[in-house]
Amino acid sequence: MSSPATGAATLAPRRSSRFVAWVRAWRAGLVSFDEVADSIAGDEEHLVADAPGTWTDVPLRDALPTLAKLSPDEIRLVLPAPGDPRGLPGPGDFAGAALLSGEAVIASGLGLIPEVRSHTSGSGMTWETVLWRVYPLPPDAPKASLAGPGAAEAEAELAVALAETTAALTRLDVAQWRPELAGALAALRRPDGTTDLPPGFDPRARRLFARAAVLDRVLALAGESAPGGAINNYEAQQRDAALRPLTTACRQALVAACNAPLRP
């Protein structure tokens, strides 16, 4: 039976990765339009702001036809980070917002970035909505670079980074202040036949996505402040330095999996 901590590390992957995977499969004719919005949103409410031809926020399902003429290869996932803007189409409002968010979608001449908004009712109930903000990309903006590791290369780089980072975190005795990480990392070593990708992605992309999506949650957990101030600033810097190569490899793995060629 999985522990709550292990389960926490297997929560839904980045919203942009789901958006790209499902919209690309739709544009390839591999899933129906009716499946796309529900598969992207899951149990959340998703709205779109500033979509072409709209004057207010609209439900995701109503905005998706904006992308109906695009080919799968025009829809790309980008997961930029400070100092690593790979995939962004040059400086501008979209690039700046994407770097702050850490995730974005490029769909030909449009860029989309998810914003998570928290709400509290009068009775104290809290819930979240996701607002996809649409940015027009300048006509002369360079196309998002397709350069980057393929799924095979990204899978190899992720395996190396995971082994090195696990060893480093063990030396730092991270488990002492984040005991739930031991269960999360153990979950990564177990074979997982499930995948969150829609039809059309090959087995390697599915395997890479499943592993990187779980690892993405583990890294978010590991990078949080330790409860009760269990580590000092120096130890936190050591932890961050140990996590950085794996974080980069994980981002590239998600990008490679979601942008992988589709097959009928």
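What span should the 13 residues of helix H2 have at 1.5 Å a residue?

**View 1. Length of helix H2 in the predicted model.** Helix H2 covers residues 15-27. At 1.5 Å a residue, its 13 residues should span 18 Å. The C-alpha atoms at the ends of H2 lie 18 Å apart, so the model agrees with the expected value.

**View 2. Burial of helix H2.** Of the 13 residues of H2, eleven are buried, so the helix is largely enclosed by the rest of the structure. The buried residues of H2 include the aromatic side chains Phe19, Trp22 and Trp26. Arg18 and Arg24 are buried too, as are Ser16 and Ser17. Val20, Ala21, Val23 and Ala25 complete the list.

**View 3. Gly29, just after H2.** The phi angle of Gly29 is positive, at about 80°.

**View 4. Asp50 in the loop between strands E1 and E2.** Strand E1 spans 45-49 and strand E2 spans 58-59. Asp50 is not a glycine, yet its phi is positive, near 70°. Most residues other than glycine have a negative phi. The relative accessibility of Asp50 is 48%, and Asp50 therefore counts as partly exposed; the class ends at 50%, over which a residue is exposed.

**View 5. Ser108 in the loop between strands E4 and E5.** The loop is bounded by E4 (104-107) and E5 (110-120). Ser108 has a positive phi near 55°, and is likewise a residue other than glycine. With a relative accessible area of 22%, Ser108 is partly exposed, because buried means under 20%.

Conventions: Residues numbered from 1 in each chain as written. Heavy atoms only, no water. Helix = DSSP H or I, 4+ residues; strand = E, 2+ residues; numbered from the N terminus. Expected span 1.5 Å × (residues − 1). Buried < 20%, exposed > 50% of the residue type's maximum accessible area, 1.4 Å probe, protein only.
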